[in-house]
Number of protein chains: 2
Amino acid sequence: MKFGGTSMAGTERIRRVANIVRRQAAGGNQVAVVVSAMAGETDRLVNFCREANALYDPAEYDVVVASGEQVTSGLLALTLQSLGQPARSWLGWQLPIHTVENHAKALIDRIEGSGLVAAMETGQIAVIPGFQGLSEEGRVTTLGRGGSDTSAVAVAAAIGADRCDIYTDVDGVYTTDPRIVAKARKLKAVTYEEMLELASVGAKVLQTRSVGLAMRAGVRVQVLSSFVDDDATPADDHPGTMIVSEDEMNELVEKGEVERQLVTGIAHDKNEAKIILTRVPDRPGSVAHIFDPLAKAAINVDMIIQNVGRDKGETDVTFTVPQADLARAQAMLNDRREEIGFNRIITDSKIAKISVVGVGMKSHAGVASTMFSALAERGINIQAITTSEIKVSVLIDEDETELAVRVLHTAYGLDAPDTVGDEAA
Amino acid sequence: MKFGGTSMAGTERIRRVANIVRRQAAGGNQVAVVVSAMAGETDRLVNFCREANALYDPAEYDVVVASGEQVTSGLLALTLQSLGQPARSWLGWQLPIHTVENHAKALIDRIEGSGLVAAMETGQIAVIPGFQGLSEEGRVTTLGRGGSDTSAVAVAAAIGADRCDIYTDVDGVYTTDPRIVAKARKLKAVTYEEMLELASVGAKVLQTRSVGLAMRAGVRVQVLSSFVDDDATPADDHPGTMIVSEDEMNELVEKGEVERQLVTGIAHDKNEAKIILTRVPDRPGSVAHIFDPLAKAAINVDMIIQNVGRDKGETDVTFTVPQADLARAQAMLNDRREEIGFNRIITDSKIAKISVVGVGMKSHAGVASTMFSALAERGINIQAITTSEIKVSVLIDEDETELAVRVLHTAYGLDAPDTVGDEAA
């Protein structure tokens, strides 16, 4: 079980978490719990580091920020004990959770699960601070923001857990953002690949890295809410969304537990920006001149379109980058203007990427054309298109985001049948 | 160097500390720094533990509260780096600082100093969180409140430091409380034994345990303030009080650096309470009936006086206990009333203990009689007396505390010559 910062914000909420955990244990399960720091605490600690040293040493940054999860792990163990439930905390260096690569964005290499399993077999609940690990040099590391999801999946893999329940402030994965479409439905299950595509295009329920790890390690993940739980209606009566392999998904469909859909969900992402370079010489290597320096600066280029320009031998190149990197990308391209040989840079942050995602696409044609015609019918202009095996994404004007999401949710038959609304109007 | 919670309260104050440390290093010294948590932080964490579990497990309590020093050690390392000074933090489990005995009040067993010394020899400043250690079972321990002073002395002993400078919010040890006597003088040096007596009777500059450890390990300790320091007048120009062995003290006196005094300081303690048991049978073993249960309950009995009672074969027994333990002691004695056989319990919290302390007493008689006659002259009634080799303590009415301290400060010639005031009037 993993609980996020909102669930751990203060001793009262930790008591609520302890009750959820205790009921799982009372149901005959051996339980390990991974916890985040109290909401706001990591920000407070990061801020201290910035004040201390603008160019902070990530090794010392890790020492400071890892303390937030240390506190909540101790407090949850104490609270479980107060409910009569044996429990103890296992810090990153105690298990240990071995990590490699850089401080502040370490990667989990391997976890020693044997001590944990032995303790759990005695009926003791193991409480593990998320986000933290131990470097090869014996120093404290952290996994980068949101790393506690990854800690939870990694611990689940290390101890061969039947399931990794990730409690968060939403109660599952929806067909689309319920704040935009009231008829959005909670999904009983999605595949790892669908979840990866949904997460990477803006449906931020789980950290992307944790989903990738779950897929590779075959950990069955459930996303559910810690806020629907009480003694009258425990969380077990409010199942969330299971994230499973394609094989398990097929079994669930065959058993009739999950309905087979062509499209599983619709995501939107307003955090991209568009860059157009005009009149780039249309010769071998010119595109490399554009994208090599961006790649080296770790600026993630997503969609790329090459249009034929007005004059022969020239072309306009359009691509998207994260909005946060736009200024840096623009400066870098201007520095290389001669080398690349473009005429003008045009940028636009008022764009949105809308994606339809579903493993059903693998075996069905026509998904993309449904998308294009549904958007065209409402006069929504498509600026660019990319596709993968289980996803079609289009770039549109940001102002049309909500309209596009509603139109597509209806077009793919995802609207919940039993609610009344005018979301698609 | 050791810095307390007031000195570490916030990133601005930590920058001030970093400057003091950097100047020590710039002076050609190898420096290790022990830090407390930010003022108020340990209370905040202890409070979380209480809220989580009133009967908290000290092992998990230690996990929670040790995080405060972890944060400040990382922040001081970061701040030193920002000043161009290489530095790194060494957590209790990393050195490690091996501890024994109970969680929440662990005792330092031994410290592995070799890694620290090797790093310090490269010019890197070692920053060590105080208060924390590692148990034999590999778990986080803490030393009890105020334990950071002990950590500092223990680290100094482990690395064979020339000096252990303890920065606090006072600038040294005074002949008496300067809030009571404006003519109080800062002492250039006191002996370990004097410091122990002064600390144990209310002059709370250093944790008593740390002074005992310094004495056993022969660590030269200096108490000084982190608040008198700036670039114009660095702390080195504001020396504090050295705490040294009696041999070194004699050398300082012979060199004329310190004046030989009969009495070094005058301390007062308002935290005791008096208990009188009337008409206790005057037979063998009756006193044991009183004090054995109190000792077993870890209630520290200080002064004991036995008066002859009104009737033959009976006696009144008077003794003092810490005010905080008075209710518990009273209940415990009432429970054993039959067994002990006393008539009434009379208690009084409105008392104070006044002590004159000085190694000079060892070789000079008449110190006690000077005390008694000076107090008698002002009509101050002495309720009880205890003495040790270097201390005479009397119990008086609490209302007369300040008067008594002033009278004795003058009587032993401790008033500073160059100030004008009427403290002794």
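Into which domains is chain A divided? Chain A of this predicted model consists of domain 1 (2-260) and domain 2 (261-418).

## The two domains of chain A

The C-alpha centres of domain 1 of chain A and domain 2 of chain A are 32 Å apart. Contact between the two involves 21 residues from domain 1 of chain A and 26 residues from domain 2 of chain A. The size of an interface is often given as the accessible area lost when the parts come together. For domain 1 of chain A and domain 2 of chain A, the area buried between them is about 2,100 Å², with 59% of it on carbon and sulfur atoms. Between these two domains there are 3 salt bridges. A salt bridge joins Glu197(A) and Lys391(A), where the closest N and O atoms are 3.4 Å apart.

## The sheet of chain A

Chain A contains an open sheet of 8 strands with mixed pairing, in the order β3-β6-β2-β1-β9-β11-β12-β10. Each of β3 and β10 of chain A has a single partner strand and stands at an edge, so one side of each is left without a neighbour in the sheet. Strands of a sheet pair through backbone hydrogen bonds, either parallel or antiparallel.

The table lists strand pairs from chain A and chain B.

| Strand pair | Sense | Bridges | Residues opposite each other |
|---|---|---|---|
| β2(A) and β6(A) | parallel | 4 bridges | Ala32(A) and Ala126(A) |
| β3(A) and β6(A) | parallel | 3 bridges | Ala87(A) and Ile125(A) |
| β10(A) and β12(A) | parallel | 3 bridges | Thr191(A) and Val244(A) |
| β9(B) and β11(B) | parallel | 5 bridges | Ile166(B) and Val223(B) |
| β11(B) and β12(B) | antiparallel | 3 bridges | Val221(B) and Ile243(B) |

## Strand β6 of chain A

Strand β6 of chain A spans residues 125-129 and is mostly covered, with 5 of its 5 residues buried. In a regular strand the side chains alternate between the two faces of the sheet. From β6(A), Ile125(A), Val127(A) and Pro129(A) point one way, while Ala126(A) and Ile128(A) point the other way, and all are buried. In the sheet order of chain A, β6 stands between β3 and β2. The β2 strand of chain A covers residues 32-35, and β3 of chain A covers residues 87-89. The bridge partner of Ala32(A) in β6(A) is Ala126(A), whereas Ile125(A) in β6(A) stands opposite Ala87(A).

## The edge at strand β10 of chain A

Which residues does Thr191(A) touch, not counting residues up to four places away in sequence? They are Ile243(A), Val244(A), Ser245(A), Glu246(A), Met249(A) and Val359(A). Thr191(A) belongs to strand β10 of chain A, residues 189-191. Although β10 of chain A stands at an edge of the sheet, Thr191(A) has a relative accessible area of 0% and is therefore buried. β10(A) pairs in the parallel sense with strand β12 of chain A, residues 241-244. Val244(A), the bridge partner of Thr191(A) in β12(A), is also among the residues that Thr191(A) touches.

## Strand β11 and Ala119 in chain B

In chain B, strand β11 (residues 221-225) is mostly covered, and 5 of its 5 residues are buried. Val221(B), Val223(B) and Ser225(B) point one way from β11(B), Gln222(B) and Leu224(B) point the other way, and all are buried. β11(B) pairs in the parallel sense with strand β9 of chain B, residues 164-168. The bridges from β11(B) to strand β12 of chain B (residues 241-244) are antiparallel.

Is Ala119(B) buried or exposed? Ala119(B) has 11% relative accessibility and therefore counts as buried; the cut-off for buried is under 20%. Ala119(B) lies in helix α5 of chain B, residues 114-121. Not counting residues up to four places away in sequence, Ala119(B) touches Trp90(B) and Gln124(B). Ala184(B) is 65 residues from Ala119(B) along the chain, and their C-alpha atoms are separated by 42 Å.

## How the chains are related

Chain A superposes on chain B by a rotation of 180 degrees with 0.0 Å of shift along its axis (RMSD 0.1 Å). The two copies are therefore related as by a two-fold rotation axis. The C-alpha of Ser67(A) is the nearest to the axis in chain A, at 2.7 Å. Both copies use the same surface, and 100% of the contact residues of chain A recur in chain B.

How values were computed. Residues numbered from 1 in each chain as written. Chains lettered and ligands numbered in written order. Predicted model: local features only at pLDDT ≥ 70, side-chain atom pairs only at ≥ 80, totals over all residues. Heavy atoms only, no water. Least-squares fit on C-alpha atoms with pLDDT ≥ 70 in both. Contact = heavy atoms within 4.5 Å. Buried < 20%, exposed > 50% of the residue type's maximum accessible area, 1.4 Å probe, protein only. Helix = DSSP H or I, 4+ residues; strand = E, 2+ residues; numbered from the N terminus. Pairing = 2+ DSSP bridges. Domains from an automatic or database assignment. Buried area = accessible area lost by both parts, 1.4 Å probe. Salt bridge = Lys/Arg side-chain N within 4 Å of Asp/Glu carboxyl O.
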